[in-house]
Amino acid sequence: MYIIKNALKCIGRSKGRNILIGIIVLMIAVSACIGLSIRQAAENAKNSTLEGMSVTATISFDRQSMMQEMRQPSEGAVSDGQPNETQDRSFDREQFRDMMNGGTSLTLDEYQTYASAESVQDFYYTLTAYFDGSGDLEAVSSESESEDENEPSAGAPGGGMNFGHDKGNRMGNMVTGDFTVIGYSGDNAMTAFQSGTTSISDGAVFSEGTTERQCLISEELAAYNDLAVGETITLANPESETETYTLTVTGIYQNTQANDLSVSMFGVGQDPANQIYLSAAALQGILDASASVSKTVTDETTGRETETAVGSSLSATYVFADADAYHSFEEEVRTLGLDDSYTVYSADLTAFENSLTPLNTLSTMAGWFLLVILLIGAVILIVLNIFNIRERKYEIGVLTAMGMKKGKVALQFLTEIFVVTMAAIIIGAGIGAASAVPVTNALLENQVESQQSSQLQMENNFGRGGNFNGGMQAAEPNGQNAVPGDIKDDSGRGGFAAFGQNMSNYITEVNSAMNLTVLLQLLGIGLLLTLAAGAVSVLFVMRYDPLKILANRD
């Protein structure tokens with residue numbers, strides 16, 4: 001008790017020096033509080049989002065791994081202990097083409113097998129096929145009329161460049177047509193309707209899982225062809241115009257997202273206005289019927305044989321309760337037989353990680369800033385404490401000459417430093433708590449702007465900074481699995497880059513940063529500074545000889 005009372009008296013006698021130490025510790029405390037709050041905010045944003053986030057994932061063919069394997073030197077490609085460079089660099093184009101055109105997509109049975117994994121909460125899939133219109137049915141098109149149907153529109157961007165999705169072009173093992181027909185396995189697969197970006201304006205959605213050939217068409221397509229609910233449309237196989245299928249329109253839908261895609265650029269069939277929806281069971285029935293009347297056609301130029309049956313692509317989606325379940329699924333599917341040629345990918349988690357980029361960068365910078373502040377602050381406190389001990393050397397000699405042990409003298413000096421440091425830490429914690437959120441948001445805003453500026457500069461370097469065709473606008477987020485907080489599109493502009501999803505939705509503000517964890521960390525920092533400065537006191541006190549101090553007093 002005597003040591004504490006004497007320490008408090010000494011603090012009162014040396015007000016100027018202790019106020020200076022307190023101000024230094026206060027600045028360290030405020031800076032440390034803000035730095036720790038930024039790091040804690042990043043951790044809170046990540047954890048809170050993952051806890052309430054429903055994760056979706058797909059299984060896709062790993063083309064990169066496949067190409068790496070195909071580049072491996074074949075047996076016998078070693079000469080004198082060294083790989084043969086010619087054989088090592090060889091690439092079997094025929095094998096690559098065959099693998100791209102077939103065998104890279106899992107079957108529905110395989111997808112359903114992996115859906116039996118314990119971690120899977122829900123599972124749905126979609127079938128996609130391409131058809132031409134038959135009879136009076138015409139696709140919505142913004143292209144100008146031309147004598148040659150395959151001639152690019154004069155107003156097309158880049159002089160009417162075409163990306164290979166126009167009528168009659170082959171995309172993988174499918175021939176594209178004027179209409180994209182999408183079959184949904186159930187209501188849960190119709191995510192655009194669930195999120196509200198697409199809704200029925202007239203009629204109703206077909207019954208879930210029905211095999212009846214009932215469909216939904218867009219408002220644009222209905223108006224373009226003067227169609228109403230209850231009427232029928234006829235689609236034709238792009239490779240066999242005499243092979244037709246009749247669908248009954250049960251509903252007309254509207255899409256709230258901007259529909260400014262360039263038809264000339266991506267093909268009529270890729271225009272969302274020309275998308276026709278029906279159940280996957282009904283579309284599968286059409287595909288089976290097409291396969292039953294399929295013929296083999298030989299290309300006169302290449303000699304390759306193809307089937308006239310309507311081709312389709314299958315896309316399956318797995319839904320998980322949280323990110324942990326998703327990571328468990330990655331292990332479970334390997335046990336269920338998925339080989340290394342396929343990879344499990346979650347666009348939700350990728351988008352989530354991208355949204356945290358500015359906040360994570362700011363957190364890293366805050367960590368380095370905190371480290372520098374602590375090092376500089378510790379050095380300053382140690383230097384001040386050294387001068388303090390030297391000035392009070394005679395006091396140390398008197399106390400030890402009176403019989404006080406050196407350990408107690410050192411403890412008194414340690415107590416003085418501890419009281420001043422903790423008082424400054426507590427005041428600094430209050431100031432830091434009040435300023436942490438606004439300072440964090442201001443720094444985060446600057447970091448987001450820096451990310452956007454760098455991204456924009458990179459796009460400008462590629463010539464993609466402006467509006468491409470003056471029309472394409474960035475799609476609004478569908479709101480599904482959105483990251484909490486004020487998430488905004490990082491540019492708000494359209495253009496090729498926005499359509500290509502090169503831009504990210506970043507977290508632009510945090511609502512809380514200071515918590516008990518940060519407070520405990522601040523107290524730990526205060527204790528660390530006290531020990532660092534107090535260690536000097538102990539060393540100096542222990543090496544002083546009281547008799548020499550009193551004898552040599554100036």
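Thr 308 is buried in this predicted model, since its relative accessible area of 8% falls under the 20% cut-off used for that class. The residue sits in the loop between strand E14 (305–307) and strand E15 (312–320), and the points below add a neighbour of Thr 308 in space, a pair of packed helices and a nonpolar patch on the surface.

**Surroundings of Thr 308**
- Although Thr 308 and Pro 238 are 70 residues apart along the chain, their C-alpha atoms are separated by 8.6 Å.

**Packing of helices H2 and H14**
- Helix H2, which covers residues 15–51, packs with helix H14, which covers residues 357–391, at an angle of about 160°, and the two axes lie 9 Å apart.
- Because angles over 145 degrees count as roughly antiparallel, H2 is described as roughly antiparallel to H14.
- The crossing that H2 and H14 make is left-handed.

**Nonpolar patch on the surface**
- A nonpolar patch on the surface is formed by Ile 4, Leu 8, Phe 418, Val 419, Leu 527 and Leu 531, which together have about 510 Å² of accessible area.
- Two or more residues of the nonpolar patch come from each of helix H1 (2–13), helix H16 (406–461) and helix H18 (516–543).
- Leu 527, one of the patch residues, is found in helix H18, and its relative accessibility of 42% means that Leu 527 counts as partly exposed, whereas Thr 308 is buried.

Methods:
Residues are numbered from 1 along each chain as its sequence is written. This is a predicted model: local features need pLDDT of at least 70, side-chain atom pairs count only at pLDDT 80 or more; totals for chains, interfaces and linings use all residues. Side-chain values use heavy atoms; hydrogens and water are left out. Patches are made of residues with over 30% relative accessible area and no salt bridge: like charges are joined within 9 Å, nonpolar side chains (Val, Leu, Ile, Met, Phe, Trp, Tyr) within 5 Å. Accessible areas come from the Shrake-Rupley method with a 1.4 Å probe; for residues, only the protein chains shown count as cover. A salt bridge is a side-chain nitrogen of Lys or Arg within 4 Å of a carboxyl oxygen of Asp or Glu. Helices (H or I, at least four residues) and strands (E, at least two) are DSSP runs, numbered from the N terminus. Buried means under 20% relative accessible area, exposed over 50%, partly exposed in between (1.4 Å probe, protein chains only). Axes are lines fitted to C-alpha atoms, for helices over the stretch in contact, and angles run from 0 to 180 degrees between N-to-C directions. Angles under 35 degrees count as roughly parallel, over 145 as roughly antiparallel, 65 to 115 as roughly perpendicular and the rest as oblique. A crossing is left-handed if the near helix is turned anticlockwise from the far one by less than a right angle, and right-handed if clockwise.
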